[in-house]
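Visitor: I like to go through a model one local feature at a time. Please pick a starting point and show me the numbers behind each call.

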Amino acid sequence: IAKQITEVMGGRIEAQSRVGAGSRFTVTLRLKKLSHASSPAIKIEDALEHLMDKKILLVEDNEINLEIETAILEGLGLCIDTATDGSIAVEKMQNAKPGDYALILMDVQMPVMNGRQATKAIRKLKDKVLSHIPIIALSADAFESDKRKSIESGMDAHLPKPIDVPVLLDTIAKTLHTHAALYGKKNH
């Protein structure tokens, strides 16, 4: 799991072991310094603080990706609920109360119901708070046409996999900020 998480974050892990002496593991990661200078109104710390008392619905059909993404997000102190396809995500949103979830991270390519179909179904929910929940696509499909299709389906943003944690956090912060401006702070 540690190797998979390290590789997803673009790093590497090395192990040295000697019988009777023990083992040493070295993780090497290149991390970007997050800058708040570009938009002082959008602070990643504020977004993370907002997320601390709510769940993120992570929708991912690949078991390994689901495990890695959950570990990364929980490692940031976030509460994660999962769904393994779009139809399960729609069902969870239909049964949710407003405010149960802060946002959805949605895979695009899934069996049963893909992420774009699930987003369209969520956007049609009768409860306006639930139907306007921020949805961010996480997909291996990273062409501009893929991003455009995600936005056209009702998603708020589209990020490529593997997850780039600083970019994800920045996108979450911007999405929550935009959502609050459009729908009011009490609805997000």
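Visitor: Happy to begin! What is the relative accessible area of Arg-12?

Guide: Let's start with the scale: buried means under 20% relative accessible area, exposed over 50%, and partly exposed in between, using a 1.4 Å probe and protein chains only. Arg-12 counts as partly exposed because its relative accessible area is 47%.

Visitor: Before we go on, what pLDDT do side-chain atom pairs need in order to count?

Guide: Residues are numbered from 1 along each chain as its sequence is written, and side-chain values use heavy atoms, with hydrogens and water left out. This is a predicted model, in which totals for chains, interfaces and linings use all residues, local features need pLDDT of at least 70, and side-chain atom pairs count only at pLDDT 80 or more.

Visitor: Thanks! Which residue meets Arg-12 in a salt bridge?

Guide: A salt bridge here is a side-chain nitrogen of Lys or Arg within 4 Å of a carboxyl oxygen of Asp or Glu, and a search of the whole structure finds 8 of them. The partner we want is partly exposed, because its relative accessibility is 39%. With 3.0 Å from N to O, the side chain that meets Arg-12 is that of Glu-14.

Visitor: How many residues apart are Glu-60 and Lys-161?

Guide: The side chains of Glu-60 and Lys-161 form a salt bridge, 2.4 Å from N to O. This pair links distant parts of the chain, with Glu-60 in the loop between β3 (55-59) and α3 (63-75) and Lys-161 in the loop between β7 (157-160) and α8. Helices (H or I, at least four residues) and strands (E, at least two) are DSSP runs, numbered from the N terminus. The separation of Glu-60 and Lys-161 is 101 residues.

Visitor: Which residues do salt bridges with shared partners join into one network?

Guide: Lys-161 also has a salt bridge with Asp-107, where the closest N and O atoms are 3.2 Å apart. That pair is another long-range link, 54 residues apart, with Asp-107 in strand β5 (residues 101-107). Asp-107 is buried because its relative accessibility is 5%. Through shared partners, the network joins Glu-60, Asp-107 and Lys-161.

Visitor: And are Glu-60 and Lys-161 buried or exposed?

Guide: Lys-161 has a relative accessible area of 19%, and Glu-60 has a relative accessibility of 2%. On those values, Glu-60 and Lys-161 both count as buried.

Visitor: What is omega for the peptide bond from Lys-161 to Pro-162?

Guide: Most residues other than glycine have a negative phi, and most peptide bonds are trans. Pro-162 lies in the loop between β7 and α8. The bond from Lys-161 to Pro-162 is cis, with omega near -5°.

Visitor: What is the phi of Val-112?

Guide: Val-112 sits in the loop between β5 and α5 (115-123). Val-112 counts as exposed because its relative accessible area is 69%. Although Val-112 is not a glycine, its phi is positive, at about 70°.

Visitor: Which side chains make polar contacts with that of Asp-81?

Guide: Asp-81 lies in strand β4 (residues 79-83) and is buried because its relative accessibility is 18%. A polar contact is a pair of N or O atoms within 3.5 Å; within protein, one must be able to donate a hydrogen and the other to accept it, and residues adjacent in sequence count only if both atoms are side-chain atoms. At 2.9 Å, one partner of Asp-81 is Lys-92. At 2.5 Å, another is Tyr-101.

Visitor: How far is Lys-55 from the ring centre of Tyr-101?

Guide: A charge sits over a ring if NZ of Lys or CZ of Arg is within 6 Å of the ring centre and within 35 degrees of the ring normal. Lys-55 lies over the face of Tyr-101, and the distance to the ring centre is 4.9 Å.

Visitor: Last one: how far apart are the end C-alpha atoms of α8?

Guide: The expected span of a helix is 1.5 Å times one less than its number of residues. Helix α8 (residues 165-183) has 19 residues, so it should span 27 Å. Its buried residues include Leu-168, Ile-172 and Leu-176, and the helix is followed by Gly-184, with a positive phi near 90°. In agreement with the expected span, the end C-alpha atoms of α8 are apart by 26 Å.
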